[in-house]
Amino acid sequence: MDQYAVVGNPIEHSKSPLIHALFAEQTGQQLEYGKLLAPLDGFEASVRDFLRTGLGVNVTVPFKEQAWALVDAHSAAAERAGAVNTILRREDGSLLGDNTDGKGLVRDIQVNAGLSLDGLNVLLVGAGGAARGVIQPLLAAGPAHLCVINRTVSKAEELAALFVDQGPIAAAGLQWLVEPVDLIINATSASLAGDVPPIPDSLIKPGHTWCYDMMYSSGETAFNQWAREHGAARCIDGLGMLVEQAAEAFALWRGVRPDTAPVLARLRQA
Ligand code: ATR
């Protein structure tokens, strides 16, 4: 049977095997999708070993940049992102790297939540790998303006400079902007520690501003709690993005895009 896996460290709690099993069942595809724990200093060996017989892997924390360096060719999205979350072994044995995180985020916002990004004023909080991975697809969705704000301002400036040819992007410090925006996306890792990046409450216009935390947890994330308490019109967590980026990977591997709605509903139940 065709073999796929998600590789990371840690990997125990990954939801990807369940998501891909549900996709396979729904689309009638015959495949197995497992978890692969790579040693922190042994990512490349683990992946190459798996892909001797396996057809593809998803890559998660902390290996997405190493995956970018490992593959033979990059999709346009991966090239810009500097990180790879999906590897496909092609018929000639070469490895193609894609990054489906940004597509997943944009699809979750636009299709699942129904908010068109066209013409919006968007704030992206954070300037690490997670932020970099989503900027190009965000700009392609046509916002009026995308501002990357970060605790370390120089990192936000570096990111904005990398994508300046792709659309209206700028950089600022966490506290520099105070006027309300249409959408705030949290791409910091602060939620992992239950923290909220210290950004002004006035960025939220009650009843208007949408907030999106790229993280998810079993309960409400700290960022979404902050957003709700300040009157955000909608607070969305990253579970939909997780399912959508998986659907993009599945489509790359299998040539068929699954219906994500029932899979997301199933995960929300669990
Ligand atoms: P990832 O791959 O998840 O993006 P990363 O590259 O380490 O991880 O980046 C983490 C991001 O979260 C950075 O933008 C970081 O800000 P700095 O660049 O100033 O370090 C941000 N971050 C993490 N904890 C934060 C906190 N408590 N408040 C504000 N920003 C935080």
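Mentor: Before we look at Pro10, note that helices and strands here are DSSP runs, numbered from the N terminus, with at least four residues for a helix and at least two for a strand. Please also keep in mind that this is a predicted model.

Trainee: With that naming in hand, where does Pro10 lie?

Mentor: Pro10 sits in the loop that joins strand E1 (2-8) to H1, and helix H1 itself covers residues 16-27.

Trainee: How should I read the peptide bonds around such a proline, and is the bond from Asn9 to Pro10 cis or trans?

Mentor: The general idea is that most peptide bonds are trans. In this model the bond from Asn9 to Pro10 is cis, with omega near 5°. The bond from Val61 to Pro62 is cis as well, also with omega near 5°, and Pro62 belongs to the loop between strand E3 (56-59) and helix H3 (64-70).

Trainee: Now to the helices: at what angle do H1 and H10 pack?

Mentor: In general, two packed helices are described by the angle between their axes and the distance between the axes. For H1 and H10 the angle is about 140°, and the axes are 10 Å apart. Angles over 145 degrees would count as roughly antiparallel, so H1 is oblique to H10. Their crossing is right-handed.

Trainee: Which residues of H1 and H10 meet there?

Mentor: From H1 come Leu18, Ile19, Leu22, Phe23 and Gln26, and they meet Pro262, Val263, Arg266 and Leu267 of H10. Sorted by class, this contact has seven nonpolar residues, one polar and one charged.

Trainee: And how do H9 and H10 pack, in angle and axis distance?

Mentor: Helix H9 (residues 239-254) packs with helix H10 (residues 261-269) at about 140°, their axes lying 10 Å apart, and the two are therefore oblique to each other. The crossing of H9 and H10 is right-handed. On the H9 side the contact is made by Leu239, Gly240 and Val243, and on the H10 side by Val263, Leu264, Leu267 and Arg268. By class, five of these residues are nonpolar, one is polar and one is charged.

Trainee: Finally, how many residues surround the ligand, and which are the closest?

Mentor: There are 13 residues around the ligand, and the closest are Ala127, Asn150, Arg151, Thr152 and Lys155. An N or O atom in the side chain of Asn150 is 2.7 Å from an oxygen atom of the ligand. For Lys155, a side-chain N or O atom is likewise 2.7 Å from a ligand oxygen. Ala130 takes part through its backbone, where an N or O atom lies 2.9 Å from an oxygen atom of the ligand.

Methods. Residues numbered from 1 in each chain as written. Predicted model: local features only at pLDDT ≥ 70, side-chain atom pairs only at ≥ 80, totals over all residues. Heavy atoms only, no water. Axes fitted to C-alpha atoms, helices over the stretch in contact; angles between N-to-C directions. Parallel < 35°, antiparallel > 145°, perpendicular 65-115°, else oblique. Left-handed = near helix turned anticlockwise from the far one by under 90°. Contact = heavy atoms within 4.5 Å. Nonpolar A, V, L, I, M, F, W, Y, C, P; charged D, E, K, R; others polar. Near = heavy atom within 4 Å. Polar contact = N/O pair within 3.5 Å; in protein donor to acceptor, adjacent residues only side chain to side chain.
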